[in-house]
Amino acid sequence: MSIDQIQDEIIEEFSDIDDWMDRYAYIIDLGNQLPPIDEKYKTPEHLIEGCQSRVWLNAELRDGKVYYTADSDAIIVKGIISLLIKVLNGHTPREILDAHLYFIDKIGLAEHLSPTRSNGLVAMVKQMRMYALAFETLEQSK
């Protein structure tokens with residue numbers, strides 16, 4: 001599935017949930033389903049700068065595609081990073097760098113987050129793109 005198809009699927013899932021308390025509960029459920037990150041990545045080098053909560057992110061390039069793992073000490077943030085992983089996982093670095101993550105606005109996520117959580121969301125997306133850029137640069141230098 002393309003990044004846009006996955007985003008459209010998420011938008012569809014959220015369109016069935018009217019109440020924002022229910023949407024938060026859904027986001028928390030998504031976070032609870034996130035596969036655990038290996039403990040060796042729960043280090044300061046893997047912490048995302050700019051997040052109020054602690055968020056660890058790791059990325060690996062396998063067969064030309066980027067795969068992310070993450071964890072957070074905040075349940076909502078863990079759900080948000082799981083949404084981002086759902087959208088970007090298994091795509092090429094170029095697809096990730098070119099992606100317009102419109103689902104964030106379409107589901108109303110940005111407007112329902114506190115300013116510090118919104119900054120954290122931006123920081124998570126930025127870090128995921130930085131991994132993709134690093135992998136793309138690495139591939140081009142081969």
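## Exercises around helix H6

H6 gives the largest cavity the largest share of its lining, four residues. Keep in mind that this is a predicted model. Its average pLDDT is 93, and 100% of the residues score at least 70. Among the elements, H6 has the lowest mean pLDDT, 91, while helix H4 (residues 93-98) has the highest, 97.

### Exercise 1: the largest cavity

Work out which residues line the largest cavity and how they divide by class.

**Solution.**

Step 1. Start with the count: the structure holds one cavity of 30 Å³ or more. The space in the largest cavity comes to about 60 Å³.

Step 2. List the wall. Going along the chain, you meet Cys 51, Gln 52, Ser 53, Val 77, Ile 80, Thr 116, Arg 117, Gly 120 and Met 124.

Step 3. Assign elements. Both helix H3 (75-88) and H6 supply at least two residues of this lining, and the largest share, four residues, is from H6.

Step 4. Sort by class. You should get four nonpolar residues, four polar ones and one charged one. Gly counts as polar here, and Cys as nonpolar.

### Exercise 2: Ser 53, a residue of the cavity wall

Decide whether Ser 53 is buried or exposed, then find the side chain that its own side chain meets in a polar contact.

**Solution.**

Step 1. Locate Ser 53: look in the loop between helix H2 (20-32) and strand E1.

Step 2. Check its accessibility. Ser 53 counts as buried because its relative accessibility is 11%, and the cut-off for buried is under 20%.

Step 3. Collect the contacts. Leaving out residues up to four places away in sequence, Ser 53 touches Ser 72, Asp 73, Ala 74, Val 77 and Arg 117.

Step 4. Pick out the polar one. The side chains of Ser 53 and Arg 117 are joined by a polar contact of 3.1 Å. Arg 117 also lines the largest cavity, as does Ser 53.

Step 5. Look across to Gly 120. Ser 53 and Gly 120 are 67 residues apart along the chain, yet their C-alpha atoms are separated by 8.0 Å.

### Exercise 3: Ser 72, a partner of Ser 53

Find which backbone atoms the side chain of Ser 72 reaches, and at what distances.

**Solution.**

Step 1. Place the residue: Ser 72 belongs to strand E2 (residues 65-72). With a relative accessible area of 8%, Ser 72 is buried.

Step 2. Take the oxygen. The Ser 72 side chain gets to the backbone oxygen of Arg 54 at 3.0 Å.

Step 3. Take the nitrogen. That side chain also reaches the backbone nitrogen of Ala 74, at 3.1 Å.

Step 4. Fill in the surroundings. Not counting residues up to four places away in sequence, Ser 72 touches Ser 53, Arg 54, Val 55, Trp 56, Val 77 and Lys 78.

### Exercise 4: the largest pocket

Say which helices each supply at least two residues of the lining of the largest pocket, and which one supplies the largest share.

**Solution.**

Step 1. Get the volume: about 160 Å³ of space lies in this pocket.

Step 2. Write out the lining, which is Leu 101, Ile 104, Asp 105, Ala 110, Ser 118, Leu 121, Val 122, Val 125 and Arg 129.

Step 3. Map it. Helix H5 (103-106) and helix H6 (115-140) each give at least two residues. The largest share, five residues, is from H6.

Step 4. Sort by class: six are nonpolar, one is polar and two are charged.

### Exercise 5: Tyr 131 against Asp 63

Classify Tyr 131 and Asp 63 as buried or exposed.

**Solution.**

Step 1. Find Tyr 131 in helix H6. Tyr 131 is buried, because its relative accessible area is 17%.

Step 2. See what surrounds the tyrosine. Beyond its neighbours within four places in sequence, Tyr 131 is in contact with His 46, Leu 57, Asn 58, Ala 59 and Tyr 68.

Step 3. Go to the loop between strand E1 (55-62) and E2, where Asp 63 lies. Asp 63 has a relative accessible area of 81%, so this residue is exposed.

Step 4. Check the backbone of Asp 63 as well. Its phi is near 50 degrees, a positive value in a residue other than glycine.

Definitions and conventions: Residues numbered from 1 in each chain as written. Predicted model: local features only at pLDDT ≥ 70, side-chain atom pairs only at ≥ 80, totals over all residues. Heavy atoms only, no water. 1 Å grid on protein atoms, 1.4 Å probe; cavity = no way out; pocket = protein on both sides within 12 Å on 5 of 7 lines; lining within 4 Å. Points joined across faces, edges and corners; volume = space filled by probe spheres on them. Buried < 20%, exposed > 50% of the residue type's maximum accessible area, 1.4 Å probe, protein only. Polar contact = N/O pair within 3.5 Å; in protein donor to acceptor, adjacent residues only side chain to side chain. Contact = heavy atoms within 4.5 Å. pLDDT = per-residue confidence, 0-100.
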